[in-house]
Amino acid sequence: MCRVRCRFGAGEIDYICLLCGGNLDVLYDYEKIAAQFDKARLAASCNFTIWRYRALLPIEHSSPVPPLTVGWTPIYDCPSLAGLFNIKQLLIKDDGRNPTASFKDRRAP
């Protein structure tokens, strides 16, 4: 986590702060997003990759889209493993299908 509250614009930096070396988090302008994106548009999308959320991502509109299938990875119900651990249900998300190899894909806030 960035320790000095650094600010960079989209396209100015990759993943770490140039000043302190900490990981950068994206801060969104939710009012601006709400003005150009809504749930109906999302529900109507047949794009089942991360690019269905392009309007929400901190990238320039003109940025090229890599030809990779990212996102929408399956969740498996694993009743036999749940039984081994004596729990009601165990779900496993298969993010191994993502080509990003990024820990930021599933980092908790």
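**Close-ups of a predicted model**

Leu81 lies in helix H3. That residue gets its own view below, but here is the overall picture to start with. The model is predicted.

**Figure 1. The whole chain has three helices and two strands.** Going along the sequence, the order is α-α-β-α-β. Of the 109 residues, 15% count as buried. The accessible surface adds up to about 9,100 Å², with 58% of that belonging to carbon and sulfur atoms. As for contacts with a sequence separation of 6 or more, 23% of them come from residues 24 or more positions apart.

**Figure 2. Leu81 takes part in a nonpolar surface patch.** The patch covers about 580 Å² and brings together Tyr76, Leu81, Leu84, Phe85, Ile87 and Ile92. Leu81 itself sits in H3. With a relative accessible area of 31%, Leu81 is partly exposed. Patch residues need over 30% relative accessible area, so Leu81, at 31%, clears that cut-off.

**Figure 3. Asn86 has a positive phi without being a glycine.** The angle is about 55°. Look for Asn86 in the loop that links helix H3 (79-84) to strand S2 (91-93). Its relative accessible area is 71%, so Asn86 counts as exposed.

**Figure 4. Arg52 is buried but makes no salt bridge.** This arginine belongs to the loop between helix H2 (39-44) and strand S1 (75-77). Which side chain of opposite charge is nearest to Arg52? That would be Asp38, and it is 11 Å away. A salt bridge has to fall within 4 Å, so Asp38, at 11 Å, doesn't make one with Arg52. What the Arg52 side chain does reach is the backbone oxygen of Asn47, at 3.2 Å. Leaving aside residues up to four places away in sequence, Arg52 touches Phe37, Leu42, Ser45, Asn47 and Trp72. Asn47 thus turns up twice in this view: as a residue that Arg52 touches, and as the owner of the backbone oxygen at 3.2 Å.

**Figure 5. Pro66 sits in the loop between H2 and S1.** Is Pro66 buried, exposed or partly exposed? Its relative accessibility is 37%, so Pro66 counts as partly exposed. Also worth a look is the pairing with Trp51: the two residues are 15 positions apart in sequence, and their C-alpha atoms are 9.8 Å apart in space.

Technical notes
Residues numbered from 1 in each chain as written. Predicted model: local features only at pLDDT ≥ 70, side-chain atom pairs only at ≥ 80, totals over all residues. Heavy atoms only, no water. Helix = DSSP H or I, 4+ residues; strand = E, 2+ residues; numbered from the N terminus. Buried < 20%, exposed > 50% of the residue type's maximum accessible area, 1.4 Å probe, protein only. Contact = heavy atoms within 4.5 Å. Areas by Shrake-Rupley, 256 points an atom, 1.4 Å probe, with all protein chains shown as cover. Lys, Arg positive; Asp, Glu negative; His and termini not counted. Polar contact = N/O pair within 3.5 Å; in protein donor to acceptor, adjacent residues only side chain to side chain. Patch = residues over 30% accessible without salt bridge, like charges linked within 9 Å, V, L, I, M, F, W, Y side chains within 5 Å.
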